[in-house]
Amino acid sequence: MQKRAPGAVRGRAALVALVALVALVAGWFVARQALEPAPEYRAASLFPEPREIAAFELRDGRGEPFTRDDLEGRPTLVFFGFTNCPDVCPDTLQRLADAMQRLESMRVEPLPRVLFVSVDPDRDAGEAMDEYVEWFDPSFLAVTADDETLTRFARDLGALYIREAPGEDGYYSVDHSGMVLILDAEGRLIGRFGQPLDTESVAADLFELVRQRG
């Protein structure tokens with residue numbers, strides 16, 4: 001039997017060792033990627049799986065329909081409220097406007113849309129809704145509907161509202177959920193932001209969501 005030169009043996013051993021090392025490093029990298037935790041969000045609470053939303057038809061300030069199809073194309077933040085709200089509504093919309101400005105300065109595309117759903121259609125129908133949300137950000141959208149449609153839509157997103165009885169002066173308030181619902185670019189419910197909103201945390205989470213999910 002022909003004997004191999006010592007140099008050839010050493011060369012083959014080195015090659016085998018190198019291949020083994022490369023395989024070990026590759027295996028470690030794959031395992032690390034598989035075990036690495038998902039991005040941690042500062043304020044957003046995300047559901048394990050996206051939730052489909054039933055078909056609906058709301059109306060914007062011009063009376064035009066707004067349906068489930070209009071939610072597609074980019075993420076949407078949904079907030080239920082009313083224009084006569086003294087505190088939570090204006091505070092939330094202002095914080096969302098500030099978050100959108102942060103995202104715009106970071107050149108995030110596509111920017112999430114903000115959808116304000118009025119649960120007070122008797123007082124908020126028409127231009128009043130549009131003027132209210134546009135004061136915070138011209139890109140914000142406002143919609144409403146009759147009580148039956150609103151109740152069904154709110155329940156589908158896990159929100160609720162209760163309209164109080166009018167006082168002697170005719171004024172009434174509306175108790176409503178304060179959370180901001182997060183929908184993905186396919187119009188599916190994927191999570192929510194709880195109160196109080198922190199602008200910096202909301203912007204950071206939305207940046208990550210757009211980067212991860214588009």
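Here is a short chat about cysteines, a buried aspartate and the nonpolar core in a predicted model.

Colleague: How many disulfides does the structure hold?

Modeller: Take cysteine 85, whose closest cysteine sulfur sits in cysteine 89. A disulfide needs the two sulfurs within 2.5 Å, and these are 3.0 Å apart, so that's too far for a bond. The count of disulfides in the structure is zero.

Colleague: Is cysteine 89 buried or exposed?

Modeller: Buried means under 20% relative accessible area. Cysteine 85 makes that cut at 8%. Cysteine 89 comes in at 0%, so it counts as buried.

Colleague: Which side chain of opposite charge is nearest to aspartate 124?

Modeller: Aspartate 124 lies in helix H3, residues 121-124. It's buried, yet has no salt bridge. A salt bridge would need a distance within 4 Å, and the nearest candidate is 5.6 Å away: arginine 123.

Colleague: Then what does the side chain of aspartate 124 make a polar contact with?

Modeller: Skipping residues up to four places away in sequence, aspartate 124 touches Phe82, Thr83, Asn84, Ser118 and Met129. One of these gives a polar contact between side chains, at 2.4 Å: threonine 83.

Colleague: And the largest nonpolar core, which helix gives the largest share of it?

Modeller: That core has 56 residues, and Leu77, Val78, Phe80, Phe140, Phe153 and Phe193 have the most contacts inside it. The largest share is seven residues, and they come from helix H2.

Colleague: What is valine 78 in contact with?

Modeller: Valine 78 is among the core residues with the most contacts inside it. Leaving aside neighbours within four places in sequence, its partners are Leu115, Val117, Phe153, Leu157, Met179, Val180, Leu181 and Leu183.

Key: Residues are numbered from 1 along each chain as its sequence is written. This is a predicted model: local features need pLDDT of at least 70, side-chain atom pairs count only at pLDDT 80 or more; totals for chains, interfaces and linings use all residues. Side-chain values use heavy atoms; hydrogens and water are left out. Buried means under 20% relative accessible area, exposed over 50%, partly exposed in between (1.4 Å probe, protein chains only). Helices (H or I, at least four residues) and strands (E, at least two) are DSSP runs, numbered from the N terminus. Lys and Arg count as positive and Asp and Glu as negative; His and the chain ends are not counted. A polar contact is a pair of N or O atoms within 3.5 Å; within protein, one must be able to donate a hydrogen and the other to accept it, and residues adjacent in sequence count only if both atoms are side-chain atoms. Contact means heavy atoms within 4.5 Å. A nonpolar core is a set of buried Ala, Val, Leu, Ile, Met, Phe, Trp, Tyr and Cys residues joined through side-chain atoms within 4.5 Å.
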